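Welcome to the tour! Open your viewer, get your selection tool ready, and follow along one stop at a time.

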Amino acid sequence: MSVLPELRYPTVTELVSAARALAAHRPGVCTLRQVGASRAGRPLHLLSVGRARRAVLVVAGAHANEPTGSCTLLALARRVLAQRELRDGMSWHFLLCADPDGASLHVTPAPRSLFDYHLGFFRPAGPEQPEWAPSVLPPDRLPPETLALTGVIDELRPYLQVTLHGTDLGGSWVQLTKDVPGLAEPFAKSAAELHIPVETGASDAAGWPASGPGVHVMPAPGIGPAYPSLPDDARHSTWFHAHRYGGLTAVVEVPMWASDLVDDPAPHPAPAAAICRLARRLQRDALEVTRVLDGALPRLADLDGPLLRAAKWGLELVPGLAADLVHTPPADRTMAYVGSVDAFVRRVPLRAAAMLLRVLRGTDEGAANQLEELVATWSDAFAERFRARWVPLEHQVEHQSRTVVAAALHAREGAS
């Protein structure tokens, strides 16, 4: 894995300060306001550019471990301010960070390697994720971050919501709740120019129809999920909230480290057998983490923080997910899809180990050292297997920004 040049992602405080400076510089065009608060009382801010009724909503920070979106959001806001044509009949609204509590816990602002990235890793359990909570919780138990996000959607009624996501290692892809004709071409062109692979068989979009390479359209509600045991369903997430106003959502994924193995459309010679082997490895790796957790539980009896909840939640997914992989026919039979599943099943135990390591540091040094060795070994194996290469941050941001602008313009044509 290549050594990185200077790199630093902004904190939420720095993000808000930058947005405040933009609003102060262009008060006739920009406004910054608070639209809610997190469970811990941290404010959620919305930066608006323009006042046209036809609105685009851009959401960053829905997943704390995907930091590129904050940089992209600022770049987009500056681009919209600089290019008057992007404000022609359109207003843009930027939710700076959908989960500021989570952002405070993911503490790798300058990862130099995949191992370094995981040493400060945090991604909350599904019910605590703002976008996913509606798919696993009843309406009366939704967290305030979710209510703030859906409240903004209710107010703006955007014809397009874009949520900025990312992957640690892989390629770029787009998930759409409705098709956006014409988006696939500029998406592919941007990825090629910036040397970012297109993830043509993303496991996140397993079995979904594609309107072009890497551009996936979510299936109708009657079609079952590729992994039936997983509790979350994108069709019940906040991504679909814009549909009640005739809008749609685009989820734009971009990698921190790229792998040229995720865009191979060639048929895999034996996809089912390969995925069964991956399921066995998933069970084996998760068992290693579970053994450490079980041994440490007597010393964790009084702890119930978000890191521990998230680690437990990830491990609890493993039996069902492994069974899905073994007993469900592959949703895609390409090399790219099998590679994406390989990456997926590496992440689940690796992330659980990384978060549990942070819990045990200072509480059980023996167990923590054991987990650190696992995290180091698995991170290095992940990077080596996928021939990871760092995508310059400016390329991540430029590709994500171009894709958002293209989605806004093409969706506007479709909504006219």
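Does Trp-378 count as buried or exposed? Select Trp-378 and display its surroundings to take a look. Its relative accessibility is 14%, and buried means under 20%, so Trp-378 counts as buried. Keep in mind that you are exploring a predicted model.

Now colour helix H11, which covers residues 365-385; Trp-378 is found in this helix. Next, show the side chains that Trp-378 touches. Leaving aside residues up to four places away in sequence, these are Asp-285, Glu-288, Val-289, Pro-349, Leu-350 and Ala-353.

Then add Leu-114 to your selection. In sequence, Leu-114 and Trp-378 are 264 residues apart, yet their C-alpha atoms are 9.5 Å apart in space.

The next stop is about aromatic rings. How many aromatic pairs does the structure hold? There are seven of them. Select Tyr-117 and Phe-121 to see one: the ring centres are 5.8 Å apart and the planes meet at 70°, so this pair is edge-to-face. Tyr-117 has 1% relative accessibility and therefore counts as buried. Phe-121 counts as buried too, because its relative accessibility is 0%.

Keep those two on screen and add Trp-257 and Trp-390. Ring pairs link Tyr-117, Phe-121, Trp-257 and Trp-390 into a cluster.

For the last stop, select Arg-385 and Phe-386. What lies over the face of Phe-386? Turn the view until you look down on the ring: Arg-385 lies there, 5.2 Å from the ring centre.

Notes. Residues numbered from 1 in each chain as written. Predicted model: local features only at pLDDT ≥ 70, side-chain atom pairs only at ≥ 80, totals over all residues. Heavy atoms only, no water. Phe/Tyr/Trp six-rings, centres within 6.5 Å; stacked < 30°, edge-to-face > 60°. Buried < 20%, exposed > 50% of the residue type's maximum accessible area, 1.4 Å probe, protein only. Lys NZ or Arg CZ within 6 Å of the ring centre and 35° of its normal. Helix = DSSP H or I, 4+ residues; strand = E, 2+ residues; numbered from the N terminus. Contact = heavy atoms within 4.5 Å.
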